[in-house]
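The following exercises concern a ligand site and the cysteines of a protein chain. Each task is followed by a solution in steps.

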Amino acid sequence: METLEIKNEQSTQTITTATQNISGSEILLKGLIAEGVETIFGYPGGAIMPIYDALYDYTDKLKHILVRHEQGATHAAQGYARTSGRVGVVFATSGPGATNLITGIADAQIDSTPMVCITGQVFAHLLGTDAFQETDVINITTPITKWNYQVTDASEIAEVLAKAFYIARTGRPGPVVIDITKNAQIQKIDFSGYTKCDHIRSYRPKPIIRTNYIEQAAALINSAQKPFILFGQGILLGNAEKEFKAFVEKTGIPAAWTIMGVGAIPTNHPLNVGMLGMHGNNGPNVLTNECDVLIAIGMRFDDRVTGRLDKYAKQAKVIHLDIDPAEIDKNVKTTVPVWGDCKETLPLLTQLVDEKKHDNWLAKFRALNQIEIDELITPELHPQTGELTMGEVIHQLNLLTKGDAIIVTDVGQHQMVACRYAKFNNTRSNITSGGLGTMGFALPAAIGAKFGAQDKTVVAVIGDGGFQMTIQELGTIMQSGIDVKIIILNNQFLGMVRQWQELFNDRRYSFVDITSPDFVAVAKGYYIEAQKVSEREKLVDALTAMLNHKGSYLLEVMVTKENNVFPMVPQGCSVSEIRLK
Amino acid sequence: METITKKEFTITVYTENQVGLLNRIAIIFSRRKLNIDSLNTSPSEVDSIHRFNIVITETEDVIRKVTRQLEKQVEVLKVYYNTNDDIIWQELALYKVPTDVIAEKVSVERLLRQYGARAVVIRSDYTVFETTGHREETDALVEVLREYGLIEFVRSARIAIIKASDGFHTKINEFENQQPGEQVFENEYLNNGQKVFTM
Ligand SMILES: Cc1ncc(C[n+]2csc(CCOP(=O)(O)OP(=O)(O)O)c2C)c(N)n1
């Protein structure tokens with residue numbers, strides 16, 4: 001098939017040499033090394049002890065980060081994968097160890113993050129007997145994995161691991177679980193060497209590119225008066241930033257991003273018109289319902305992006321570029337489906353499109369965004385009086401990091417504020433839980449993000465609620481000595497839920513009032529430097545102290561208690577009904 | 001071709017023969033709260049490749065989405081969906097009736113012949129008949145036999161053959177003959193939009 005199938009990947013090759021009489025565990029570790037793995041996030045336990053025993057002799061080649069909860073291992077692996085573009089690797093034991101992975105696996109599945117989780121399992125002869133710490137990991141993870149497999153014999157390990165890495169990273173990436181029974185970990189066999197996988201006959205990572213659709217798409221784009229580009233994480237996952245930029249610049253089409261796609265082109269690029277969706281910018285939301293051709297690239301029309309579907313871009317012809325055929329027509333009916341990897345389809349399309357400018361159309365975006373700047377952004381980012389706002393913290397952070405930091409966000413108001421206002425010069429710089437909206441994501445993800453991009457400044461922006469969901473990962477930071485900066489935007493509420501209760505439930509604040517420990521003292525208890533700030537005059541100094549500090553640092557910022565994130569497309573409304581207040 | 005009315009579709013899924021795949025396939029339906037009318041798994045004409053026949057009553061739009069989500073599973077080779085016009089199908093039914101009633105009542109014998117039923121087991125206490133056919137036919141015979149003391153009835157899942165399947169048959173054979181690791185398997189139906197599904 002697929003003349004366009006990954007040709008640049010190395011063809012099948014044997015990497016490690018044959019060894020006689022070695023254990024399944026050791027084969028696994030040799031395989032990980034052959035796959036180029038350097039960092040593993042994990043937590044030991046009974047059913048995975050043989051692997052940990054083997055690891056004892058491999059610590060010069062494989063760095064293992066001991067987390068404080070297996071969920072933390074998955075988010076760390078996600079953070080690692082998202083900044084480095086490589087496959088994140090997780091170890092966990094059977095039963096509770098494996099079930100603690102579920103949230104992170106589900107998060108990786110919905111956000112297409114390449115990850116391989118290795119779980120220990122009870123001895124094969126005990127399967128199905130309700131043995132100690134036995135859970136049916138394969139069936140539990142089936143709906144949330146791209147692939148999973150239970151290994152019961154050491155001879156399967158090498159091949160299954162090779163498949164797992166191949167599946168996790170190719171096509172639309174995703175999480176893979178390999179469950180290995182204890183006997184297979186212990187069993188000794190003659191190992192014939194590790195061969196990387198580059199083909200599975202029933203698996204088609206990319207659909208065939210069909211030139212007639214590329215031609216149709218180009219014709220539509222060339223005849224469009226008000227074309228509009230929506231871009232998502234597909235560009236990052238396809239390493240197609242360059243190809244995307246060339247396409248945008250040649251066509252001169254305004255482009256707006258989903259929170260997973262931000263950074264595919266710099267936030268300050270003249271054709272970047274802002275954020276889509278529920279808390280996105282005014283221009284892109286309103287003009288979605290005015291454009292004549294909508295070009296969606298590597299994004300999946302999530303309901304947080306589209307608002308009410310039956311009033312979504314009904315006037316427009318839709319071109320959808322995606323690697324996953326199941327995404328085409330799933331939510332929004334496509335006029336021209338451009339199946340394929342955007343790294344390959346975008347250049348084909350760029351060749352055929354006319355060089356153009358859309359100045360008047362672009363000016364419309366600018367004008368609508370200007371209203372938002374005047375009414376809402378300026379007061380949020382530059383308040384003169386009153387308590388600190390989340391927006392001004394992000395704004396000051398931008399000024400200090402100059403758009404070069406990696407920002408990891410948790411879930412809630414601070415997430416939307418950070419995504420809206422953070423500036424990114426580089427790709428793979430905004431790490432957030434987009435599809436699943438997992439509170440507790442940020443702290444462990446920031447740890448992984450730093451391991452994946454050691455030369456970058458990594459700043460985690462977290463709410464007071466979400467921080468308490470995975471607070472124990474401060475222990476991982478302490479022990480690994482990793483350098484992550486943590487900003488807690490403390491509004492003393494489960495802010496996003498409170499906002500909805502204020503707007504839609506008549507201010508009936510039902511269990512959103514959350515108290516917190518002394519975060520500074522907690523951090524210090526973990527030997528992490530920390531400070532709390534609540535005055536405007538001290539904010540910049542506090543941020544500077546955090547950024548200049550060698551090593552991890554926690555900064556708690558007390559912000560307005562009852563601020564709302566606007567603009568907002570209320571649930572059930574059309575994107576063009578976006579509210580500025 | 002597009003329609004919002006529900007009708008009966010038969011989905012044919014070609015897969016690797018792999019433990020756990022049944023669950024992976026089933027949850028794609030249960031996740032959308034879709035009720036499967038019948039499900040059959042069996043070998044195909046090609047060694048090592050299995051096929052599922054799934055019958056479901058839904059709108060074509062939903063069926064198309066489900067089909068794509070099925071096809072995206074790593075161990076699924078290919079998925080077709082067809083309306084009843086595109087396929088030839090059969091279901092097998094077994095009926096257990098008291099032998100004395102049959103022996104006594106001549107009309108029963110005539111009925112069974114009329115419905116094409118065949119005796120599989122004849123004992124002094126009961127007799128088991130078999131029919132193959134479409135659901136309406138087997139259902140009709142159930143109604144009739146109820147009056148004669150029907151003891152037990154069971155019907156198999158639908159098995160179906162796609163009328164226009166030559167193309168894929170050739171492909172799947174070529175596919176199987178190739179060594180793993182080689183470029184194989186052109187996913188023909190993607191170029192064949194109208195035939196399989198519209199876009
Ligand atoms: C694990 C999990 N539980 C519950 C929610 C629902 N939820 C979404 S935002 C939010 C409030 C978050 O509060 P906080 O962490 O303080 O951040 P803020 O919104 O105040 O910035 C909640 C409870 C969630 N997204 N994830």
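**Exercise 1: Polar contacts of the ligand**

In the side chain of A:Asp464, an N or O atom lies 3.0 Å from an oxygen atom of the ligand. The model is predicted.

Task: Determine which further side chains place an N or O atom beside a ligand oxygen, and how much of the ligand the protein buries.

Solution.
1. The cut-off for a polar contact is 3.5 Å between N or O atoms, and the 3.0 Å of A:Asp464 falls within 3.5 Å.
2. For A:His414, a polar side-chain atom is 2.8 Å from a ligand oxygen.
3. For A:Asn491, the separation between a side-chain N or O atom and an oxygen of the ligand is 2.9 Å.
4. The ligand taken alone exposes 580 Å², of which the protein buries 77%.

**Exercise 2: Composition of the shell**

Task: Describe the residues around the ligand by proximity, class and helix.

Solution.
1. The shell holds 18 residues, and those that come nearest are A:Gln413, A:His414, A:Gly437, A:Gly466 and A:Gly495.
2. By class, eight are nonpolar, nine polar and one charged.
3. In chain A, the helices α17 (413–421), α19 (464–467) and α21 (495–504) each contribute at least two shell residues.

**Exercise 3: Cysteines**

Task: State how many disulfides the whole structure contains, and whether A:Cys291 is buried or exposed.

Solution.
1. Over all chains, the search finds zero disulfides.
2. A:Cys291 is thus unpaired, and the nearest cysteine sulfur, that of A:Cys573, is 19 Å away.
3. A:Cys291 is buried because its relative accessibility is 0%, under the 20% cut-off.
4. A:Cys419 is likewise buried, with a relative accessible area of 0%.

Note on methods: Residues numbered from 1 in each chain as written. Chains lettered and ligands numbered in written order. Predicted model: local features only at pLDDT ≥ 70, side-chain atom pairs only at ≥ 80, totals over all residues. Heavy atoms only, no water. Disulfide = S-S within 2.5 Å. Buried < 20%, exposed > 50% of the residue type's maximum accessible area, 1.4 Å probe, protein only. Near = heavy atom within 4 Å. Polar contact = N/O pair within 3.5 Å; in protein donor to acceptor, adjacent residues only side chain to side chain. Areas by Shrake-Rupley, 256 points an atom, 1.4 Å probe, with all protein chains shown as cover. Helix = DSSP H or I, 4+ residues; strand = E, 2+ residues; numbered from the N terminus. Nonpolar A, V, L, I, M, F, W, Y, C, P; charged D, E, K, R; others polar.
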